[in-house]
Amino acid sequence: MHQTLQGSDRLLSKRVILFLISQNLSLFGSSVVGYAIIWYITLETSSGIFLMLATLTQMVPHLIISLYSGVWADRYNRKTLIMLSDSFIAFATLILALLFSAGSGSIYALLSVSVVRSIGGGIQSPAVNAIIPQLVEEKHLVRIQGINQSLNSALMLLSPAVGGLMLGLFGLVSTFFLDVITATLAVVIFSFIKVETPKRELSGQSVLYDIKVGLSYSFSHPILRALLICYGFAFFLITPAAILTPLMVERTFGGEVWRLTANEMVWTGGALLGGILVSLKGTFSNKVQVIARSILAFGICFALLGAAPNFLVYLIIMGLGGLFVPIFNTAEIVMIQELCDEEKLGRVFSIVQIISGASIPLAILIFGPLADRVSVESLLVVSGILLALVGLVYGRYSSRTKMGEQAEVPPVSQA
């Protein structure tokens, strides 16, 4: 549906390498801070309510700004948007570091700055996903996404260990300064990437008009419409596993930092392996079915987490679940990149972002208070079973309507 602006036929060009380095540096610093904030709140409060508040401050601003950021990614220079949002996040984190250094820091300060960081991330995400086809040949999209997922997972495997080490030995302020440094480096590296700005016809209409155009485009496309509906249900049911597992570990197995670190590391270790498998495979013949089976696997793993008899079994199941993250993400992102017109990519990705961003806060409003009344294990079992059913229904519906055939990778024409 679109043509890339990448002139070279190489899998890894100079600007692709710089892009991967820049974005993964940014991800590393942000993930270290993210873990540190969640763990700090978990260990200080042991409260599902405060975890709910932390989740809402990270998700809701991201959701609200996404209404506009997709339009901005389609109207303006995506490289500039990415650099400005990274700088915005770094500045907010610097302010937080100075507050805690001066002894004025608090959980409410963490929550307030999380709002600012969330806004920056909401501006950045659609631009990042939409700019990739400007850098990569279409036939390399799956492989590059697999490589990126592997790098993401490797850093996410490292970042909990770094976050736990810095939180335990040096305190919260050190993690904030680490994020400032990595974000600054990311911006500097990204500035060296040459990205041609595609010619776009400005609608001359308001942002709200362009949002409506994006919504109409997405929901009139049968494959995208089914994906977006599936996304809403899936992310709602993923929430207990995504948000409440640290609380389960602290309550059931112990509140030591190493346990919280292991909880994240085995998940990302599985994701690292999954990313390597994706990059080696290089293509998915039917992305719809890949998405459906990944959701089914998530559901089974999350239900089993709630039934794990000990921490070792819990970690093994968590690692198996992480294996499907890059498979799911790659199939979903590349399918959208291949199906959508280039000038509407930003808006489509922002709609995906809005749906996932709305589902999780809505779910945590329910599951967060429930976690203070019933066991997290029971929430995982119930949500996991329902999530597996979502995967089955999505897969069967897609097969029945021949959507799977429509989403097959088109043959690459030979120049």
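Let me begin with one pair of helices: helix 9 and helix 10 are oblique to each other, on a scale where angles under 35 degrees count as roughly parallel, over 145 as roughly antiparallel, 65 to 115 as roughly perpendicular, and the rest as oblique. Before I go on, please keep in mind that this is a predicted model, in which local features need pLDDT of at least 70 and side-chain atom pairs count only at pLDDT 80 or more, while totals for chains, interfaces and linings use all residues. Residues are numbered from 1 along each chain as its sequence is written, and side-chain values use heavy atoms, with hydrogens and water left out.

Back to our pair, then: helix 9, residues 245-253, and helix 10, residues 257-281, pack at an angle of about 135 degrees with their axes 10 Å apart, the axes being lines fitted to C-alpha atoms over the stretch in contact, and the angles running from 0 to 180 degrees between N-to-C directions. A helix here is a DSSP run of H or I with at least four residues, a strand is a run of E with at least two, and both are numbered from the N terminus. The crossing of helix 9 with helix 10 is right-handed; the near helix is turned clockwise from the far one by less than a right angle, whereas anticlockwise would be left-handed. On the side of helix 9 the contact uses Thr 245, Pro 246, Val 249 and Phe 253, and on the side of helix 10 it uses Arg 259, Leu 260, Asn 263 and Glu 264, where contact means heavy atoms within 4.5 Å. Sorted by class, this contact of helix 9 with helix 10 has 4 nonpolar, 2 polar and 2 charged residues; Ala, Val, Leu, Ile, Met, Phe, Trp, Tyr, Cys and Pro count as nonpolar, Asp, Glu, Lys and Arg as charged, and the others, Gly among them, as polar.

Which residues of helix 9 are buried? They are Thr 245, Pro 246, Leu 247, Met 248, Val 249 and Phe 253, buried meaning under 20% relative accessible area, exposed over 50%, and partly exposed in between, with a 1.4 Å probe and protein chains only. Just after helix 9 comes Gly 254, which has a positive phi near 130 degrees.

Now let us step back to the whole protein, whose secondary structure comes to 16 helices and 0 strands. Of its 415 residues, 58% count as buried, and among contacts between residues at least 6 apart in sequence, 89% join residues at least 24 apart.

The largest nonpolar core has 112 residues, and those with the most contacts inside it are Phe 19, Phe 176, Leu 244, Tyr 314, Ile 336 and Tyr 394; such a core is a set of buried Ala, Val, Leu, Ile, Met, Phe, Trp, Tyr and Cys residues joined through side-chain atoms within 4.5 Å. Helix 8, residues 222-243, gives the most to this core, with 13 residues. If we leave out residues up to four places away in sequence, Ile 336 touches Leu 224, Leu 227, Leu 345, Val 348, Phe 349 and Val 352.

How do helix 8 and helix 14 meet? Their axes come within 8 Å and cross at roughly 45 degrees, helix 14 being residues 345-370, and that makes helix 8 oblique to helix 14. The crossing of helix 8 and helix 14 is right-handed, and the residues of the contact divide into 15 nonpolar, 4 polar and no charged.

For contrast in wording, helix 1, residues 14-45, and helix 4, residues 107-135, pack at about 155 degrees with their axes 12 Å apart, and they are therefore roughly antiparallel to each other. The crossing of helix 1 and helix 4 is left-handed.

I will finish with three single residues. His 62 lies in helix 2, residues 48-75, and is buried, with a relative accessible area of 18%; apart from neighbours within four places in sequence, His 62 is in contact with Ser 118, Gly 121, Gly 122, Ser 125 and Gln 353. Ile 333, in helix 13, residues 325-339, counts as buried at 10% relative accessibility, and Ile 333 and Val 142 are 191 residues apart in sequence but 8.9 Å apart in space, C-alpha to C-alpha. Asn 310 sits in the loop between helix 11 (287-306) and helix 12 (311-322), and Asn 310 is partly exposed, with a relative accessible area of 34%.
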